[in-house]
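Trainee: I am new to this structure and would like a close look at one part, the salt bridges. Please take me through them slowly and then place them in their surroundings.

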Amino acid sequence: MGSPHRTDEARLEPTHPIRTRLRAVRRVLAEEPLLTIGILISFIMLLIAIFPEFFATYDPRDTDALAPLQGPSTAHWFGTDTLGRDVYSRVIHGTRTSIAVSGISVGFALLVGSTLGLISGYFGGFVDQLLGRLMDVVFSLPALLLAVAIAGVLGPSVRNAIIAIGVVYTPHFFRVARSGAITMSARPFVMASRLIGARHRRIVIRHILPNVSALLMVQTTVSFAYAILLEASLSFLGLGVQPPNPSWGSILNEGRPFLQLAGWMSIFPGLMILLSVLSVNLVGDTLRDRWDTSQGSG
Amino acid sequence: MSLIPGSVISQLVDQAAGSDPEKLAEMEAFLGLDRPWYAQLGSWLANVVQGDLGNSWRSRIPVADLLGPRLMVTLQLSAMATVISSLVLGIPGGLIAAAYKSRWPDSVVRVVSLLALSVPVFWMGSMLILVFSVWFNWSPPLTWVSPFEDFGANMRMMILPAIALGLAGAAPLVRMTRNSILEVMGQNYIRTARSTGATEGRIRFRHALRNAIIPVVTSAGLQFGFLIGGAVVIEEVFSLPGVGRLLLQAISQRDFPVVQACVLTIGIFLIFLNIAVDILYAYLDPRIKLGD
Amino acid sequence: MTVGEILAPLESGPPPDDVVLDVRGLRTQLSTSRGANWIQIIRDVSFTLRRNQRLAIVGESGSGKSVTALSIMRLLDKSASEITGEVWIGGEDAQAMSDRQMRRIRGRRVAMIFQDPMTSLNPVKRIGDQIVAAMRLHSDISQKDAMAEALRLLKEVQIPAPEQRLRSYPHELSGGMRQRVMIALALSMEPEVIIADEPTTALDVTVQAQVMRLLKERVESHGAATILITHDLGLVAGFAEFVLVMYAGRIVERGPIERVLLDPAHPYTAGLLASLCTLDTDPLEELPSIEGAPPRPDDVPSGCSFHPRCWMATDLCRTERPPMVEGASPDLGAAECHFAWNVVPPGAGT
């Protein structure tokens, strides 16, 4: 879909590659309103995560013994919790933790998964067999069950939650990188580089990685959405971010005993999760659609 | 296993006899924790192969006895959620999206399924509890009833968690059904059916659906396995005595034979599920013969 | 009644009773991208088919033969096609029918046999069930009687072990057998017209001959008129009574089979004939073939659309579309060429 436009643009303004690209991007955004919405919300979420102080109305740790469990009002938009803390400000500050934990986890999975996948696919043989089986085992277990078990066995903490989520999503990147490496290794130019004696590391980094990076990017987006959900689940179960530190999941954990009494403690953090995951999914879904069509398999 | 903070020994001993180092060592030896981790793992595996999942460190009850009844709860929940996500939501949603491809119902289905995909399962559970407790004065029951004892009561407590779980699993099935139907509708045998004068409805349901459903059934079967994962947290929200709650309880008590057994049992169940899905696939698609 | 009468399209109103299919001024446009980019595929096709006749439409791939068939059956994707003209089937104009009326035409009055037997049968339904389902769409026959009839039809198309084949799935049959099943399927609805679109292209040469012989026998015994669509003039020789030659969406020559094969009136037909292998052909000599390829439908040349490939082309051919020129007697058919009836075979030296 994108390519004919690109050639049009190129013909119109051959001397301004950057402007041409910007135009192409603008055209894609105009064609895909859902993508635009997704990017917009993601951007706002990112701003909240970077500058929570700007958005928050209270200190997230400030307790107010005189105003516990108050419903939403003009003073406390999302109400207050059992200790009289402002739920809105806690949700705002929780954004940073939630996004950071999910982001670092996916980064870990991307790094480990794609490195192992490239090695496995490029070299094949015994290493490939061993890594492949191991990844299959991890892949076949339900994500949440595995994350709960890992985080549980290692002990509840942010670091261990990151490890658990990272391990769960490593096989996804492994698979993408491995199949990409296998396909690319068979290409004539890669074989030629091998024949003229280029070093393996150079071939993998210079020739194979750039060709799987688009797929890895789509996978990163998709996994990031799931990682936010997984982090929230772990923290909700008390296996991730620990109270009193706010994260979306840990606020929900605190609100859980008061669900019927103080629903706002559960409603708003959940909506925040929904909104952020949805925005990432909107981007991921569109990317996948476009990628699939360009591959001719959609 | 030395990494683990607050080992079971210190927990058990704290309760029992304070921190007498002699008692501690005795206890460790009794549980076999004085041996290196690989020896522990080895003997555990050896026992598992013989069908012995070991005893709970906590309650001394054989893990198999703890796990059995709870597995039934989890499987019932996941099975109901699978039915909801495929038969109630996924396949009808995909059919609608395919029938109105690129028109507004298609977009609505797409946005709704993306929404369902983006909702945290446990939060959906909480919201259902909230809504039902406010409107119908319903709250999650304190004791679980087996479907064989009182089917109605069992359904009343299982249907909401199953819906919360099923919603999460519907989105991939909607997408799969839609794309599968669209692909099949372009096949030559659909044109043949049209050339015989069959109605569009008949073509869609008698000819296209039967072919398009094959990959959907496969992925719904595999979805079953992933919904078991979601069941862990849904059980906690709805206080259902399933494997998920057992697992969380065992984790908080650092009762590792139970944790290992939970993961292992579900892993083994998933292997059998995969085999079952393969058999079902061969049954649905006459072109595939088992053993080929 | 003369051949000329048979081949000349009727002017207006319903055709006489013995005309089972009357196509008048058919034009079809297809859209390459959903509602945009319209390309004219069929440019004015007219012909008449009477009861029991066997007609062949011949042309290279891309000449619009298959689209003609699909237009008649209205099997093209509605949102991506635009059909004008009249198609009279059983005293009514099918182009003016509702979808519901059209469904009663399909199969019952005009049945189709498609090119690729490997993919044209539903892979998850048994052969017998597929035939029975088609039959029961158009008559009140009971399931049991329909199954008995299906068995009789499988015997009729000479499928070995028909009782077992009734319960077979398509993938268990060879290509030739599947095409026999397609023939049985078409016959089962007792249509007045059967359109066979390249029925043997996907088959081995030896199987091709068997299937064509069978098709001819069966349509004769069932009294169905037939349109054979093919690129292979050799296939036409043993099957059809009349031939239409198509090029770039138009009929460029029509006539009775013997006359067209022995004395082609259009250079394109002559070119097709010259490229045929016969018993007299020297196996070592390269067969003459028409140079170049048929024009893309979105880039049809001016004047006579065949002129860039024609060895007889003059300036007149490049600028002016030739008229349809009738032969000395109306029985001989007609050709759309400035030099019709005076054709020099290709490679005969100009």
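Mentor: Start with C:Arg318 and C:Asp315, whose side chains meet in a salt bridge with an N to O distance of 3.4 Å. Keep in mind that the model is predicted. Both residues belong to helix α12 of chain C, which covers residues 315–319. They stand 3 residues apart there, about one turn of the helix. As for cover, C:Asp315 has 58% relative accessibility and therefore counts as exposed, the cut-off being over 50%. C:Arg318 has a relative accessible area of 36%, so this residue is partly exposed.

A second pair can be read in the same manner. The side chains of C:Glu156 and C:Arg152 form a salt bridge, at 2.8 Å from N to O. These two residues also share a helix, α5 of chain C, running over residues 143–156. Their spacing is 4 residues, again about one turn of the helix. Here the two partners fall into separate classes. C:Glu156 counts as buried because its relative accessibility is 14%, under the 20% limit. C:Arg152, at 40%, counts as partly exposed.

This second pair belongs to a wider set. C:Glu149, C:Arg152, C:Glu156, C:Glu217 and C:Arg218 are linked in a network of salt bridges. When you look at C:Arg152 and C:Glu156, then, look also for C:Glu149, C:Glu217 and C:Arg218.

A third pair in chain C is C:Arg259 with C:Glu253. The closest N and O atoms of this salt bridge are 2.6 Å apart. Both C:Arg259 and C:Glu253 are buried. Side chains of opposite charge can pair when their charged atoms come close. Over all chains, the structure holds 30 salt bridges.

Salt bridges also occur between chains. Chain A and chain B have 3 of them between them. One joins B:Glu236 to A:Arg256, with 3.5 Å from N to O. Between these two chains there are also 7 residue pairs in polar contact, counting pairs with both residues at pLDDT 80 or more. On the side of chain A that touches chain B, the elements giving two or more residues are α6 (125–140), α7 (143–154), α10 (200–236) and α12 (264–295) of chain A. The largest share of that side comes from α12(A), with 14 residues. By class, the side of chain A that touches chain B has 26 nonpolar, 10 polar and 4 charged residues.

The extent of this interface can be put in two ways. In terms of residues, 40 of chain A are in contact with 38 of chain B. In terms of area, about 3400 Å² is buried between chain A and chain B, and carbon and sulfur atoms give 74% of that.

Last, consider chain B as a whole. Chain B has 11 helices and 0 strands. Of its 292 residues, 51% are buried. Chain B exposes about 13900 Å², with carbon and sulfur atoms supplying 64% of that area. Among its contacts between residues at least 6 apart in sequence, 71% join residues at least 24 apart.

Definitions and conventions
Residues are numbered from 1 along each chain as its sequence is written. Chains are lettered from A and ligands numbered from 1 in the order in which they are written. This is a predicted model: local features need pLDDT of at least 70, side-chain atom pairs count only at pLDDT 80 or more; totals for chains, interfaces and linings use all residues. Side-chain values use heavy atoms; hydrogens and water are left out. Contact means heavy atoms within 4.5 Å. Buried area is the accessible area (1.4 Å probe) that two parts lose on being put together, summed over both. A salt bridge is a side-chain nitrogen of Lys or Arg within 4 Å of a carboxyl oxygen of Asp or Glu. A polar contact is a pair of N or O atoms within 3.5 Å; within protein, one must be able to donate a hydrogen and the other to accept it, and residues adjacent in sequence count only if both atoms are side-chain atoms. Ala, Val, Leu, Ile, Met, Phe, Trp, Tyr, Cys and Pro count as nonpolar, Asp, Glu, Lys and Arg as charged, and the others, Gly among them, as polar. Buried means under 20% relative accessible area, exposed over 50%, partly exposed in between (1.4 Å probe, protein chains only). Accessible areas come from the Shrake-Rupley method with a 1.4 Å probe; for residues, only the protein chains shown count as cover.
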